[in-house]
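Welcome, and please open your viewer. We will take a short tour, one selection at a time.

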Amino acid sequence: MGNADFDDQYSHQKVEIPPPKPFLKTLKSCVKETLFPDDPFRKFKKQPLTKKLTLGLQYFVPILDWAPRYTFQLFKADFIAGITIASLAVPQGISYAGLANLPPVIGLYSSFVPPMVYAMLGSSKHLAIGNVAVPSLLISAMLGRVVNPHDNPKLYLQLVFTATFFAGVFQASLGLLRLGFIVDFLSHATILGFMGGAATVVCLQQLKGILGLVHFTHETDIVSVMRSIFSQLHQWRWESGVLGCCFLFFLLLTRYFSKKKPAFFWISCMAPLTSVILGSVLVYFTHAEKNGVQVIGHLKKGINPPSYSELAFSSQYLTTAIKTGIVTGVIAMAEGIAVGRSFAIVENYHIDGNKEMIAFGMMNIAGSCTSCYLTTGPFSRTAVNFNAGCKTAASNIVMATAVMITLLLLTPLFHYTPLVVLSSIIISAMLGIIDYNAAIHLWKVDKYDFLVCICSFIGVVFSSVEVGLIVAVAMSLLRILLFVARPKTFVLGKIPNSMTYRNTEQYSAASRVPGVLIIHIDAPIYFANASYLRERISRWIEEEEEEEEEEKQRTSTEIELQYVILDMSAVGNIDTSGISMLEEVKRNADRRCLKLVLANPGGEVMKKLDKSNFIDKIGKEWIYLTVGEAVNACNYILHTCKFQSERIESSTIPDDNV
């Protein structure tokens, strides 16, 4: 029976080839989907020039959008939230500056200018700006290797400002160039393991303050830290240790209580400042600084002095500063955007990742010129801001104003603040970052994600923060490559009493169709996976033929494998290597006297198959809209036309010219 007779007996909906598009139009569409997935220009269409200028200013400076609608009721909520986070920002700023081996006042400076800049440029209503522990540790670890912060504090401070500047330039550049998707390569498992490892390292580093040690290793791995601790047993100060344990217990107790009673969240957020006040009073009246309890000492009064002249562009360590800026900038940016999106989802509003990058970049560039170091949106401060009832980014302005008043009037009060209290504050904050429940969840859901998480954690803890980050990113990229290079393929079977075909491994009721092998390809076909797919399809065919041979011996059935249907519904695209793979599969099928059939190829796939003349080689009549139609056509030939023991005439002779 010829093709014409077959078409008369059995007709099906033809799979259409999309109309051709000019190359430039296709390229423009591809670039738009890559760089502008949110279509930011949509609201500018059909608007007069003045309106476009207004919308443009509101896009890049969001405060111009919400400020005209700002009310006194919103201000009351933001004022309470701003004062609340300021009570947390002051002790955290001082603590994290010490973690970065910077003067404590630099931490206060960093909670003044950057929040002001973010309030004007940021798109999140709840993100509270400030220093974070992990980038602080990274700065200390990476810059401390080339310049000792104690032997040459001026040069070290200049390098910190320079690294902050380049972090800001890098962040703003990613936002302006619409390259925010790069951050997506840091998977959740990667960040979870990295942050957990970094938090562990930070906690270990704070044992220096808890035990009152003066000399301590600059390395961050657990072996070096523990060696430094136990090699100085004779220098441990029991007064400092007792004081640190008491304040750490107090901080953890308030956090536990606040979790049990969310309405009293303010108790936990006020605990750090309360610890600073109690510790300072205790040291002042007991003169504990004379008995081994180290204190902050003098803090310079006044607001941020300019530091643009301190940027060390001509330093011999400029390369290290740039590398430090990029690494810390990526980590800070990823954390800030993730935190902002988390709270935006809760409140059902959208934040623009690219605008957030621009805001982060500009606030860090401004910060580097005003004696600040790297800032972002830490989770702890943002959670307090959210729970305190903030409504807009104006809470950052309130916090910055409170910090400014502290800088102008209250810095002398921190003279007697014991360092051990700051260490307790940092340890308390870091223990909340180590999310072992999330790691357990990864183990239950995805073992490879758990492996990425653990490898990242081990890399940070046992080697260095940079190594841990490299390991985590490398494993995440490896997983991407595995997904691309080794896509899933599986055999489909028919669900009883339906026209639905599903994975036979997933659905035990799904039965294979005699004489027909249906293979589902679950990924685009590119050069990276074309060779694997060719071999995997050949293996499926061999296994099917072996199974049918065994079935034939058991049941004496006469139906043999005659058709191979490739379900291409999940193949979003194909390249020339993929087309060559299909041609080889067809030649292999011809040699085995099998007919290759395609089901549900997409528009992009059909265009490329048409341009490569593969459609003419396989025949338009062997491309079907659904798997069901393809199976019906094959069954029609097998059963109605009684072709069980012979091949279709066009398939009996291998086509060597294909």
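Before we start, one term: helices here are DSSP runs of H or I with at least four residues, numbered from the N terminus. Keep in mind as well that this is a predicted model.

**Stop 1: the whole chain**

Show the full chain as a cartoon. You are looking at 28 helices and 6 strands. The C-alpha atoms fill a box of roughly 105 × 65 × 55 Å along the principal axes. Of the 658 residues in the chain, 51% are buried. Now switch on the surface: about 31,200 Å² is exposed, and carbon and sulfur atoms supply 62% of it. Contacts are worth a thought too. Among those between residues at least 6 apart in sequence, 80% join residues at least 24 apart.

**Stop 2: the largest cavity**

Rolling a probe the size of a water molecule over the atoms shows where empty space is left. A search of the whole structure finds 3 cavities of 30 Å³ or more, and the largest cavity has a volume of about 60 Å³. To see its walls, select Leu 186, Thr 190, Ile 191, Phe 194, Met 195, Ile 331, Ala 334, Glu 335 and Leu 469. Which helix gives the largest share of this lining? It is helix 10, with 4 residues. Helix 10 (188-205) and helix 15 each supply at least two lining residues. Colour the lining of the largest cavity by class and you should get 7 nonpolar, 1 polar and 1 charged.

**Stop 3: Thr 324 in helix 15**

Stay with helix 15, which covers residues 318-346, and pick out Thr 324. Is Thr 324 buried or exposed? Its relative accessible area is 0%, so Thr 324 is buried. Now show what surrounds it: leaving aside residues up to four places away in sequence, Thr 324 touches Ile 139, Met 142, Leu 143, Ala 163 and Gly 329.

**Stop 4: the second largest pocket**

Next, find the second largest pocket, which holds about 950 Å³ of space. It is lined by 37 residues, and those closest to its centre are Gly 98, Asn 101, His 150, Lys 208 and Leu 419. Select these helices in turn, since each supplies at least two residues of the lining: helix 5 (72-99), helix 8 (133-143), helix 9 (153-176), helix 11 (207-210) and helix 19 (419-431). Helix 19 gives the most, with 5 residues. By class, the lining of this pocket has 20 nonpolar, 16 polar and 1 charged residues.

**Stop 5: aromatic pairs**

A pair of aromatic rings is described by the distance of the centres and the angle of the planes. The whole structure has 15 aromatic pairs. Start with Phe 72 and Phe 75, a tilted pair at 6.3 Å centre to centre with 35° between the planes. Both lie in helix 5, 3 residues apart, about one turn of the helix. Phe 72 counts as exposed because its relative accessibility is 56%, while Phe 75, at 36%, counts as partly exposed. Add Phe 79 to your selection, and you have a cluster of Phe 72, Phe 75 and Phe 79 linked by ring pairs.

For the last selection, take Phe 343 and Phe 379, a tilted pair at 5.9 Å centre to centre with 35° between the planes. Phe 343 lies in helix 15 and Phe 379 in helix 17 (residues 379-387), so this pair ties together parts that are 36 residues apart in sequence. At 10% relative accessibility, Phe 343 counts as buried.

Notes:
Residues numbered from 1 in each chain as written. Predicted model: local features only at pLDDT ≥ 70, side-chain atom pairs only at ≥ 80, totals over all residues. Heavy atoms only, no water. 1 Å grid on protein atoms, 1.4 Å probe; cavity = no way out; pocket = protein on both sides within 12 Å on 5 of 7 lines; lining within 4 Å. Points joined across faces, edges and corners; volume = space filled by probe spheres on them. Nonpolar A, V, L, I, M, F, W, Y, C, P; charged D, E, K, R; others polar. Buried < 20%, exposed > 50% of the residue type's maximum accessible area, 1.4 Å probe, protein only. Contact = heavy atoms within 4.5 Å. Areas by Shrake-Rupley, 256 points an atom, 1.4 Å probe, with all protein chains shown as cover. Phe/Tyr/Trp six-rings, centres within 6.5 Å; stacked < 30°, edge-to-face > 60°.
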